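Subject: Structure for your review

Dear colleague,

I am handing over the structure below, together with a summary of what was found in it. Please read the text with the model open beside it.

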Amino acid sequence: MATSASAVDIVEVVRQVLARLKEVERGGRAGRAPCGIYASMEEAILRAEAAQKKVTRMTLKEREKCIATIRAALRAHSQELAEMAVQETGMGRVADRIVKNNLVADKTPGTEDLTTEAWSGDAGLTLVEMSPFGVIGAITPSTNPTETVFCNAIGMFAAANSVVFSPHPAAKAASLRSVELISEAIMQAGGPEDAVTSVAEPSIEATQILFGHPAVRLLVATGGPGLVQAALSSGKKTIGAGAGNPPVVVDETADIEKAGHDIIAGGAFDNNVPCIAEKEIIAVESVADYLLFNLLKNGAVQLKDRRDIDHLAEVVLTPEGKPSRSFIGRDAAVLLKAIGKEAPPETRGIVMEVDKKHPFVQEELMMPILPLVRVRNVDEAVQFAVQVEHGNRHTAIMHSKNVDNMTRLAREIQTTVFVKNGPSYAGIGVGGEGFTTFTIAGPTGEGLTSARAFTRKRRCVLVDAFSIR
Ligand code: NAD
């Protein structure tokens with residue numbers, strides 16, 4: 001009996017030690033709510049408001065130390081967050097999520113993004129500085145939950161704001177875990193508690209409270225058109241990062257082998273969930289067959305039979321012709337299985353030829369389905385690309401060796417991101433120059449957001465001094 005009782009004791013001791021280790025690993029908060037997460041939106045806002053006063057008193061160097069710790073936390077938890085997001089939302093691929101998380105850790109600008117304008121002369125010295133808004137309300141999507149929360153938090157905190165996140169309820173666990181890790185990292189580096197907060201049960205109602213709260217000075221809305229419209233109607237200053245439907249145009253001068261490779265690389269990345277990903281291919285007739293050959297060579301499969309294409313459309317679209325949420329971001333093999341076709345799990349994408357009006361072309365599917373529309377020449381290609389982008393002014397891609405053709409599409413389509421001769425993700429700094437962001441503000445014009453987008457410009461004038469010219 002005694003032996004058995006002590007065995008039970010040992011098991012209990014081991015259980016307690018393991019729980020304690022987990023507690024230490026998670027910042028010593030077991031049994032308490034995770035860092036930065038509050039039961040009500042009101043409390044999350046008021047806490048962030050108090051914290052922001054402390055953030056403004058931090059030096060740039062102190063803020064930068066916190067940002068370095070946030071970056072390190074993201075790198076250390078990149079895989080955990082990738083797995084959480086894919087498991088919770090059913091969207092995307094873990095390996096690609098890790099790439100996106102690490103991209104945010106490495107290439108989101110920090111305090112170095114904040115610059116000063118100066119005038120000096122007989123009347124003295126005048127500065128225009130980028131100063132914080134205060135408390136920012138950030139609404140984040142289900143499609144890139146961890147990437148958007150980390151990317152927004154780094155830029156907003158760099159500019160001395162605090163931020164209250166209202167994440168998509170379907171990505172609650174991954175988003176809140178991100179908020180917790182950021183909040184812990186800031187405190188670990190000597191920053192204040194609650195510089196980054198959120199609400200334990202995200203909902204549209206919680207977002208409405210954020211929209212109406214007087215302490216919130218700026219809204220940053222990353223998501224579909226419904227969200228951007230609602231945020232813009234709130235009466236608050238809003239940075240709106242909305243939907244896209246990026247066309248990729250291939251003309252007769254393009255390097256077709258490279259175009260085939262790059263379109264699959266970008267269009268199949270994370271199962272086409274990124275808002276910048278190639279959503280429909282517009283190919284000039286004379287190169288269309290060879291392009292199709294190269295798309296297949298790079299891991300896509302083609303549906304040729306009209307009945308298969310119709311069947312796929314029936315399955316992945318709602319009766320209204322919109323993408324069915326349960327198929328967004330799913331693997332190509334899963335989509336094929338849904339129409340009774342077996343394919344290896346590594347299948348990158350599904351291509352098919354369709355006409356211009358097909359919903360696969362017109363709708364932002366966010367699935368690894370890459371419809372190809374054949375056009376007579378580059379004139380028709382440019383015209384159709386402009387039309388199918390629907391005025392979102394988001395992203396377009398072109399493969400061409402003709403500078404005039406590329407210039408023409410860039411001018412006519414007016415997108416925030418225009419990638420030439422590369423995969424779409426080159427536009428956010430993967431294999432292309434420039435910083436990264438997961439909030440691309442086309443509708444309101446801030447473009448690829450970074451710390452400076454989250455600032456107010458303030459003029460500071462010193463009369464009759466400090467001009468040494
Ligand atoms: P979504 O619009 O369904 O949700 C985004 C967020 O808005 C969520 O937090 C959601 O709860 C909230 N929301 C939605 N409608 C709302 C309303 N009427 N009032 C208040 N809150 C509302 O988007 P999603 O499916 O999670 O994300 C995919 C969409 O986001 C795509 O259209 C994609 O193109 C777009 N997106 C754009 C960018 C960009 O940088 N421009 C980045 C990522 C995603």
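The lining of the largest pocket draws at least two residues each from helix H7 (204-212) and helix H8 (225-232), and I should say at once that this pocket, like everything else described here, belongs to a predicted model. The pocket holds about 720 Å³ of space, and of the 37 residues that line it, His168, Thr222, Gly223, Gly224 and Leu227 are the closest to its centre. Sorted by class, that lining consists of 19 nonpolar, 16 polar and 2 charged residues.

The second largest pocket has a volume of about 330 Å³, and its centre is approached most closely by Arg63, Glu129, Met130, Ser131 and Pro132, out of 16 lining residues. Helix H3 (60-89), strand E3 (124-132) and strand E18 (455-463) each supply at least two residues of this lining, with E3 giving the most, namely 4 residues. Its composition by class is 7 nonpolar, 5 polar and 4 charged residues.

Turning to enclosed space, the count comes to 3 cavities of 30 Å³ or more, and the largest of these has a volume of about 150 Å³. Lys100, Pro274, Ile276, Ile428 and Phe438 are the closest to the centre of the largest cavity, among the 17 residues that line it. Helix H4 (residues 94-107) gives the most to that lining, with 3 residues, and the lining as a whole is made up of 12 nonpolar, 4 polar and 1 charged residues.

As for the chain itself, there are 15 helices and 18 strands, and the C-alpha trace spans about 95 × 65 × 35 Å along its principal axes. The radius of gyration is 25 Å, which agrees with the value near 23 Å that a compact globule of 469 residues would have. Buried residues make up 55% of the 469 residues, and of the contacts between residues at least 6 apart in sequence, 74% join residues at least 24 apart.

The largest nonpolar core contains 115 residues, of which Leu291, Leu312, Phe360 and Ile369 touch the most other members, and helix H5 (residues 145-158) gives the most to this core, with 8 residues. Once neighbours within four places in sequence are left aside, Leu312 is in contact with Leu303, Leu335, Ile339, Ile350, Met352, Phe360 and Ile369. Another core, of 18 residues, lies apart from the one just described and includes Ala44, Ile45, Val199 and Ala215.

Ala44 belongs to helix H2 (residues 41-56) and counts as buried because its relative accessible area is 0%, where the cut-off is under 20%. Not counting residues up to four places away in sequence, Ala44 touches Tyr38, Val164, Thr197 and Ser198. The C-alpha atoms of Ala44 and Val196 are separated by 8.8 Å, although these two residues are 152 residues apart along the chain.

Ile282, in strand E10 (residues 280-284), is likewise buried, with a relative accessible area of 0%. Beyond its neighbours up to four places away in sequence, Ile282 touches Pro247, Val248, Val249, Val250, Val373, Val375, Ala381, Phe384, Ala385 and Val388. By contrast with those contacts, the C-alpha atoms of Ile282 and Glu49, which are 233 residues apart along the chain, are separated by 49 Å.

Thr347 is found in the loop between helix H12 (332-337) and strand E12 (349-353), and with a relative accessible area of 4% this loop residue is buried. Its contacts, leaving aside neighbours within four places in sequence, are with Arg93, Gly299, Val301, Ala332 and Leu336.

Finally, two backbone conformations may be worth a look, since most residues other than glycine have a negative phi. Met366 has a positive phi of about 60 degrees although it is not a glycine; Met366 lies in the loop between helix H13 (359-362) and strand E13 (369-375) and counts as buried at 14% relative accessibility. Asn421 also has a positive phi, near 60 degrees, and is placed in the loop between strand E15 (417-420) and strand E16 (440-441), where at 29% relative accessibility Asn421 counts as partly exposed.

With best regards

Technical notes: Residues are numbered from 1 along each chain as its sequence is written. This is a predicted model: local features need pLDDT of at least 70, side-chain atom pairs count only at pLDDT 80 or more; totals for chains, interfaces and linings use all residues. Side-chain values use heavy atoms; hydrogens and water are left out. Buried means under 20% relative accessible area, exposed over 50%, partly exposed in between (1.4 Å probe, protein chains only). Contact means heavy atoms within 4.5 Å. On a 1 Å grid over the protein atoms alone, a cavity is a set of points where a 1.4 Å probe fits but cannot get out, and a pocket is an open set with protein on both sides within 12 Å along at least five of seven lines; lining residues have an atom within 4 Å of a point. Grid points are joined across faces, edges and corners, and a volume is the space filled by probe spheres set on the points. Ala, Val, Leu, Ile, Met, Phe, Trp, Tyr, Cys and Pro count as nonpolar, Asp, Glu, Lys and Arg as charged, and the others, Gly among them, as polar. A nonpolar core is a set of buried Ala, Val, Leu, Ile, Met, Phe, Trp, Tyr and Cys residues joined through side-chain atoms within 4.5 Å. The radius of gyration is taken over C-alpha atoms; the globule rule is 2.2 Å times the number of residues to the power 0.38.
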